[in-house]
Amino acid sequence: MALSLLVVSISFYLKEYISPDSDLYATLSLVSVAGVVVMVIAFSLGLGAMPWIIMSEILPINTKGLAGSFATLANLFFSWLVTLTANLLLDWSSGGTFTIYTAVCVFTAGFVVIWVPETKGKTLEEIQQFFR
């Protein structure tokens with residue numbers, strides 16, 4: 001996701017210095033669209049399902065309903081926040097908007113690598129012990 005968003009942001013930055021009549025301008029427009037499509041596919045295959053996967057694996061049975069509802073609410077709230085602010089950010093700077101999104105993706109990847117535990121082959125009790 002971060003790489004595709006980086007490609008989109010670079011193409012928007014480059015478009016500021018190229019004439020709209022140029023063939024390179026049209027190519028950069030296609031690169032931008034392709035980058036967004038790749039990002040959406042990568043999000044759908046990876047990070048998009050992550051909140052539901054993590055909460056199904058790490059939450060104890062007795063709090064799964066309440067905590068799962070809170071996790072879903074937080075996920076939908078942040079999706080709404082990105083949707084709300086996207087047009088404002090794009091009016092400010094298209095390249096800057098996708099640079100911010102790239103930075104958030106890099107931060108998220110770092111967060112997952114550092115703080116999200118591997119649960120493959122572990123029982124629910126072993127996973128819960130990790131969080132104590």
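In which helix does Leu 5 lie? In this predicted model, Leu 5 belongs to helix 1, which covers residues 2-15. The residue is buried, because its relative accessible area is 3%, and buried means a value under 20%. Leu 5 can also be placed relative to a distant part of the chain: Cys 105 is 100 residues away in sequence, yet the C-alpha atoms of the two residues are 8.7 Å apart in space.

Helix 2, formed by residues 23-45, contains both Val 38 and Ala 42. Val 38 has a relative accessible area of 46% and is therefore partly exposed, since the exposed class begins over 50%. Ala 42 is likewise assigned to the partly exposed class, with a relative accessibility of 27%. Each of these residues was also compared with a residue elsewhere in the chain. Between Val 38 and Tyr 101, a sequence separation of 63 residues corresponds to a C-alpha to C-alpha distance of 14 Å. For Ala 42 and Ala 2, which are 40 residues apart along the chain, the C-alpha atoms are separated by 9.5 Å.

The largest pocket of the model holds about 1300 Å³ of space. Its lining consists of 36 residues, and those nearest the centre are Phe 43, Leu 47, Asn 75, Phe 78 and Thr 108. Several helices take part in this lining: helix 2, helix 3 (50-58), helix 4 (64-92) and helix 5 each provide at least two residues. The greatest contribution is that of helix 4, which supplies 13 residues. In terms of residue class, the lining of the largest pocket comprises 30 nonpolar and six polar residues, while charged residues are absent.

Helix 5 spans residues 94-115 and includes Trp 115. The relative accessible area of Trp 115 is 54%, so this residue is exposed, the cut-off for that class being over 50%. Trp 115 also takes part in a nonpolar surface patch of about 680 Å². The other members of the patch are Phe 107, Phe 111, Val 112, Val 113 and Ile 114.

A further exposed residue is found in helix 6, which runs over residues 124-130 and contains Glu 125. Because its relative accessible area is 56%, Glu 125 is classed as exposed. Glu 125 and Trp 80 are 45 residues apart in sequence, and their C-alpha atoms are 34 Å apart in space.

Taken by accessibility, the residues described above fall into three classes. Leu 5 of helix 1 is buried. In helix 2, Val 38 and Ala 42 are partly exposed. Trp 115 and Glu 125 are exposed.

Conventions
Residues numbered from 1 in each chain as written. Predicted model: local features only at pLDDT ≥ 70, side-chain atom pairs only at ≥ 80, totals over all residues. Heavy atoms only, no water. Patch = residues over 30% accessible without salt bridge, like charges linked within 9 Å, V, L, I, M, F, W, Y side chains within 5 Å. Areas by Shrake-Rupley, 256 points an atom, 1.4 Å probe, with all protein chains shown as cover. Salt bridge = Lys/Arg side-chain N within 4 Å of Asp/Glu carboxyl O. Helix = DSSP H or I, 4+ residues; strand = E, 2+ residues; numbered from the N terminus. Buried < 20%, exposed > 50% of the residue type's maximum accessible area, 1.4 Å probe, protein only. 1 Å grid on protein atoms, 1.4 Å probe; cavity = no way out; pocket = protein on both sides within 12 Å on 5 of 7 lines; lining within 4 Å. Points joined across faces, edges and corners; volume = space filled by probe spheres on them. Nonpolar A, V, L, I, M, F, W, Y, C, P; charged D, E, K, R; others polar.
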